[in-house]
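Here are my comments on the model you asked me to look over, arranged as numbered points. Please read them with the coordinates open beside you.

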Amino acid sequence: MDDLFPPFAPDANDRPRRFRPVPFRMIAPNMITLLALCLGLTAIRLAFEGRFEPAVIAVIVAAGLDGIDGRVARLLKGTSRFGAELDSLADFVNFGCAPALILYSFTLHNLKSVGWIVALVFAIAMCLRLARFNAMLDDPNRPEWKKDYFVGMPAPAGAITGMLPLYLHFLGIPVGSWGVAVVLAYVLAIALLVVSTVPTFSGKTWGKRVPRDLVVPIFLVVVVGFGLVISFPFEAMAAVSLGYLAVIPFGAVQYRKRVKQEASGEAPVPAEAIEPPTSIKP
């Protein structure tokens, strides 16, 4: 019986295992993601305290950081599976839980259980959308041109547009007892767009090469846009939300055209080659 369970005798020559240091380029994108997660959790706390304006701003800033961390990771060549999973978990908190709880604390609580169910639907829709997005990343048969489009509304856009009733409230449009039902219907519509298969522009492959004559106009547009957001934040966010919702049908039409081109054997036109409706010349 002693031979079945021999005593453990560590080898004296064994050295303690040392982990190799992690390059900072692998850590930097995850730090940005964690900062965004902190903002999302802080937004939930602010909503409980009834401070809706800073709560909304925290979610908007988190959305901005979410758009940066992936690009920083690709720029520094610091992409990792850990970073992708952390980003998805942070997105669920920032763009699913935080907006849902903010909207519930703002006005949906007036509908009691019905309002809470709508908040749950919004948060779960974000969770399902993120799970589907992660599953599609592993699809080897997905055509390259489809990376120009999201399947359904992306999570940051869903959070920003979903808080449109808050922007309007901050601009002096009161949400009375008559407006609660409208907010409920609107939030449900955004949740359905998030989990739908409606294609929307991603913009991930845009901007790799910028025509020389558009460089200065782009600088001016960025400066003007930044000034508008800083000076008139809620007016700007309301305009962005309405503009984004208005553009969704055009993205769906463009997607169907490229699907037909692929079915007919033609090479789909890259998104970078699609001319915008209007161009600004210096």
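The points below go from the overall fold to helix pairs, then to single residues and aromatic groups.

1. The coordinates are those of a predicted model, and everything that follows should be read with that in mind. The secondary structure of the protein comes to nine helices and two strands, and from the N terminus on, these elements run in the order α-α-α-α-β-α-α-α-β-α-α.

2. As for the chain as a whole, 37% of the 282 residues of the protein count as buried. Among the contacts in the protein with a separation of 6 or more, 81% are accounted for by residues 24 or more positions apart.

3. Helix 1 (residues 24–48) and helix 2 (residues 52–76) have axes that come within 8 Å of each other and cross at roughly 170°. With angles over 145 degrees counted as roughly antiparallel, that crossing makes helix 1 roughly antiparallel to helix 2. The crossing of these two helices is left-handed, and the residues that make the contact divide into 21 nonpolar, one polar and two charged.

4. Within helix 1 lies N30, and a reader may ask whether N30 is buried or exposed. N30 is buried, because its relative accessible area is 14%, where the cut-off for burial is under 20%. Leaving aside residues up to four places away in sequence, N30 touches F82, G83 and L86. A further distance worth checking on screen is that from N30 to A73, which are 43 residues apart in sequence and lie 8.5 Å apart in space, C-alpha to C-alpha.

5. Helix 5 (residues 155–162) and helix 9 (residues 233–263) form another pair to inspect, with axes that come within 9 Å and cross at roughly 120°. That angle makes helix 5 oblique to helix 9, and the crossing of the two is left-handed. On the side of helix 5 the contact is made by A157, I160 and T161, and on the side of helix 9 by M237, S241, Y244 and L245. By class, this contact of helix 5 with helix 9 has five nonpolar, two polar and no charged residues.

6. How much of helix 5 is buried? Eight of its eight residues are buried, so that helix 5 is described as mostly covered. The buried residues in helix 5 are A155, P156, A157, G158, A159, I160, T161 and G162, and A157, I160 and T161 also take part in the contact with helix 9.

7. A search of the whole structure finds six aromatic pairs. One of them joins Y104 and W116, which are arranged edge-to-face at 5.2 Å centre to centre, with 75° between the planes. This pair links distant parts of the chain, since Y104 lies in helix 3 (residues 81–106) and W116 in helix 4 (residues 113–137), the two being 12 residues apart.

8. On exposure, Y104 counts as partly exposed because its relative accessibility is 23%, and W116 likewise counts as partly exposed, at 35% relative accessibility. Elsewhere, Y149, F201 and Y255 form one aromatic cluster, which I suggest viewing alongside the Y104 and W116 pair.

Methods: Residues are numbered from 1 along each chain as its sequence is written. This is a predicted model: local features need pLDDT of at least 70, side-chain atom pairs count only at pLDDT 80 or more; totals for chains, interfaces and linings use all residues. Side-chain values use heavy atoms; hydrogens and water are left out. Axes are lines fitted to C-alpha atoms, for helices over the stretch in contact, and angles run from 0 to 180 degrees between N-to-C directions. Helices (H or I, at least four residues) and strands (E, at least two) are DSSP runs, numbered from the N terminus. Angles under 35 degrees count as roughly parallel, over 145 as roughly antiparallel, 65 to 115 as roughly perpendicular and the rest as oblique. A crossing is left-handed if the near helix is turned anticlockwise from the far one by less than a right angle, and right-handed if clockwise. Contact means heavy atoms within 4.5 Å. Ala, Val, Leu, Ile, Met, Phe, Trp, Tyr, Cys and Pro count as nonpolar, Asp, Glu, Lys and Arg as charged, and the others, Gly among them, as polar. Rings of Phe, Tyr and Trp (its six-membered ring) pair if their centres lie within 6.5 Å; planes under 30 degrees apart count as stacked, over 60 as edge-to-face and the rest as tilted. Buried means under 20% relative accessible area, exposed over 50%, partly exposed in between (1.4 Å probe, protein chains only).
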